[in-house]
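Visitor: I should like to learn how to read the features of a protein model. Would you please show me the structure and explain the terms as they arise?

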Amino acid sequence: MQSLEKYMLPCLNKELFGVECMGCGMQRSISLLFQGEFVAAFKMYPAIYTLILLFGFIVLTLFKKINFSHKITVALGILNLVIIVTSYIIKNFYN
């Protein structure tokens with residue numbers, strides 16, 4: 001999987017401004033998931049599992065009608081937003 005890292009896209013925000021964006025770490029987190037490093041993937045990007053849950057639910061709703069799917073999708077989206085913003089603040093201002 002080390003060879004996978006050479007194909008990862010660089011963060012333009014970090015390269016241009018020197019500050020990580022809210023998506024920094026997602027590619028490496030996915031790479032760690034493929035390697036079976038589940039705790040390390042969470043530490044790299046805490047929203048990885050809730051994002052997988054969100055996208056999995058969206059794909060499921062394409063094939064099966066689920067009651068209140070819109071409300072569940074919005075709730076999962078808000079949960080992801082809160083996790084992403086919180087981890088961004090902690091990573092950039094408290095480390």
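Guide: Let us begin with burial: a residue is buried under 20% relative accessible area, exposed over 50%, and partly exposed in between, using a 1.4 Å probe and protein chains only. Helices (H or I, at least four residues) and strands (E, at least two) are DSSP runs, numbered from the N terminus. In helix α3, the residues Ser29, Ser31, Leu32 and Leu33 are buried. Please note that this is a predicted model, in which local features need pLDDT of at least 70 and side-chain atom pairs count only at pLDDT 80 or more, while totals for chains, interfaces and linings use all residues. Residues are numbered from 1 along each chain as its sequence is written, and side-chain values use heavy atoms, with hydrogens and water left out.

Visitor: How many helices and strands does the protein have?

Guide: The secondary structure comprises six helices and zero strands. The C-alpha atoms fill a box of roughly 45 × 30 × 25 Å along the principal axes. Of the 95 residues, 23% count as buried.

Visitor: What is the length of helix α5, and which of its residues are buried?

Guide: The expected span of a helix is 1.5 Å times one less than its number of residues. Helix α5 covers residues 48-63, which is 16 residues, and reaches 23 Å from its first C-alpha to its last, close to the expected 22 Å. Its buried residues are Ile48, Thr50, Leu51, Leu54 and Phe57.

Visitor: What covers the buried residues of α5?

Guide: Here we need contact, meaning heavy atoms within 4.5 Å. The cover includes α3 (26-34), α4 (38-44) and α6 (69-93). Ile48 offers an example: beyond its neighbours within four places in sequence, it is in contact with Ser29, Ile30, Leu33, Ala41 and Phe42.

Visitor: Which residues make up the largest nonpolar core?

Guide: In soluble globular proteins, nonpolar side chains tend to be buried together. A nonpolar core is a set of buried Ala, Val, Leu, Ile, Met, Phe, Trp, Tyr and Cys residues joined through side-chain atoms within 4.5 Å. The largest one here has eight residues: Leu32, Leu33, Ala41, Tyr45, Ala47, Ile48, Leu51 and Ile84. The elements giving two or more residues to this core are α3 and α5.

Visitor: Is Asn80 buried or exposed?

Guide: Asn80, found in helix α6, is buried, with a relative accessible area of 3%. Setting aside neighbours within four places in sequence, Asn80 is in contact with Ala47, Thr50, Leu51 and Leu54.

Visitor: Which backbone atom lies 3.2 Å from a polar atom of the Asn80 side chain?

Guide: A polar contact is a pair of N or O atoms within 3.5 Å; within protein, one must be able to donate a hydrogen and the other to accept it, and residues adjacent in sequence count only if both atoms are side-chain atoms. In this model, the backbone nitrogen of Leu51 lies at that 3.2 Å distance from the Asn80 side chain.

Visitor: How many salt bridges does the structure hold?

Guide: A salt bridge is a side-chain nitrogen of Lys or Arg within 4 Å of a carboxyl oxygen of Asp or Glu. The structure holds two. In one of them, Lys14 pairs with Glu20, the closest N and O atoms being 3.1 Å apart. Lys14 is partly exposed at 41% relative accessibility, whereas Glu20 is buried at 17%. The side chains of Lys91 and Glu20 also meet in a salt bridge, 3.3 Å from N to O. Lys91 lies in helix α6 and Glu20 in the loop between α2 (12-17) and α3, so this pair ties together parts 71 residues apart in sequence. Salt bridges that share partners thus join Lys14, Glu20 and Lys91 into one network.

Visitor: How many disulfides does a search of the whole structure find?

Guide: A disulfide is a pair of cysteine sulfur atoms within 2.5 Å. The search finds zero. As for individual cysteines, Cys21 is partly exposed at 26% relative accessible area, and Cys24 is buried at 6%.

Visitor: Which residue other than glycine has a positive phi near 60°?

Guide: That residue is Phe68, placed in the loop between α5 and α6. Phe68 is exposed, with a relative accessible area of 60%. A glycine may be set beside it: Gly36, just after α3, takes a positive phi of about 85°.
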